[in-house]
Amino acid sequence: MSQATLGGEPFHNANLFSNYYLTDRIDDLDGWDCDADASEAFEKLQTLWEFEGGLVDSYGEDELLASWIDRVLEVLGFDWLAETTLPDGGGYTDRLLFDSPETRREAARRKQDGEPSAAFG
């Protein structure tokens with residue numbers, strides 16, 4: 001989208017954040033300096049879409065998770081546990097996301113040591 005399409009702002013705000021934060025404060029955050037990483041991830045996602053995009057609609061849940069979702073999560077830098085039982089035992093998650101393999105392993109160790117909700121903390 002061009003800025004003209006968006007009313008002069010490089011974003012469409014659905015009132016999740018204040019416009020002041022988006023226009024004046026967000027550029028000051030260390031994590032916002034990620035253009036090179038974002039461009040690299042976008043290129044990888046475009047390549048993945050070129051290979052899988054035409055098939056995504058035909059996939060069942062497990063196929064979609066394995067052939068698309070998991071690969072997208074990997075490109076975005078997430079690690080995950082599949083089909084993790086909810087702490088109350090009332091179901092499970094398809095994917096439980098972690099910011100790194102180390103964080104995932106630590107949560108799994110804590111769960112193994114008797115903290116069933118550790119992965120959700």
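Here is a walk through the structure above, going from the whole chain down to a few single residues. Keep in mind that this is a predicted model.

Let's start with the big picture. The chain has four helices and two strands, and if you read along the sequence they come in the order α-α-α-β-β-α. How spread out is the chain, set against a compact globule? Its radius of gyration is 19 Å, while the globule rule gives 14 Å for 121 residues, so the chain is more spread out than a compact globule. You can also picture a box drawn along the principal axes: the C-alpha atoms fill one of roughly 55 × 35 × 25 Å.

Now think about inside and outside. Of the 121 residues, 22% are buried. The accessible surface of the chain is about 9100 Å², and carbon and sulfur atoms account for 50% of that. As for contacts, take those with a separation of 6 or more: 24% of them join residues 24 or more positions apart. Charge is worth a look too. The chain carries 9 positive and 27 negative side chains, and the centres of these two sets are 9 Å apart.

Next, the aromatic rings. The structure holds two aromatic pairs. One of them is made by phenylalanine 17 and tyrosine 21, whose rings are stacked, with 5.8 Å from centre to centre and 20° between the planes. Phenylalanine 17 has a relative accessibility of 43%, so it counts as partly exposed. Tyrosine 21 is partly exposed as well, with a relative accessible area of 28%.

Tryptophan 49 and tryptophan 68 also form an aromatic pair, and this one is edge-to-face: 5.2 Å centre to centre, with 70° between the planes. What does this pair tie together? Tryptophan 49 sits in helix α2 (residues 35–52) and tryptophan 68 in helix α3 (residues 61–75), so the pair links parts that are 19 residues apart in sequence. Are the two tryptophans buried or partly exposed? Tryptophan 49 is partly exposed, because its relative accessible area is 47%. Tryptophan 68 has a relative accessible area of 16%, and buried means under 20%, so tryptophan 68 is buried.

Stay with helix α2 for a moment, since glutamate 52 lies there too. Is this glutamate 52 buried or exposed? Its relative accessibility is 11%, so glutamate 52 counts as buried. And what does it touch? Not counting residues up to four places away in sequence, glutamate 52 touches Tyr59, Ser67, Trp68 and Arg71. Trp68 in that list is the tryptophan from the edge-to-face pair.

Move on into the loop between α2 and α3 and you'll find aspartate 57. With 78% relative accessibility, aspartate 57 counts as exposed. Try finding glutamate 43 as well: it is 14 residues from aspartate 57 along the chain, and their C-alpha atoms are separated by 22 Å.

Our last stop is threonine 93, which is in the loop between β1 (79–82) and β2 (95–98). Here's a loop residue to set beside aspartate 57: threonine 93 has a relative accessibility of 15%, so it counts as buried. Which residues is threonine 93 in contact with, leaving aside its neighbours within four places in sequence? They are Ala82, Glu83, Thr84, Leu86 and Phe120.

Key
Residues are numbered from 1 along each chain as its sequence is written. This is a predicted model: local features need pLDDT of at least 70, side-chain atom pairs count only at pLDDT 80 or more; totals for chains, interfaces and linings use all residues. Side-chain values use heavy atoms; hydrogens and water are left out. Buried means under 20% relative accessible area, exposed over 50%, partly exposed in between (1.4 Å probe, protein chains only). Contact means heavy atoms within 4.5 Å. The radius of gyration is taken over C-alpha atoms; the globule rule is 2.2 Å times the number of residues to the power 0.38. Accessible areas come from the Shrake-Rupley method with a 1.4 Å probe; for residues, only the protein chains shown count as cover. Lys and Arg count as positive and Asp and Glu as negative; His and the chain ends are not counted. The place of a charge is taken as NZ of Lys, CZ of Arg, CG of Asp or CD of Glu. Rings of Phe, Tyr and Trp (its six-membered ring) pair if their centres lie within 6.5 Å; planes under 30 degrees apart count as stacked, over 60 as edge-to-face and the rest as tilted.
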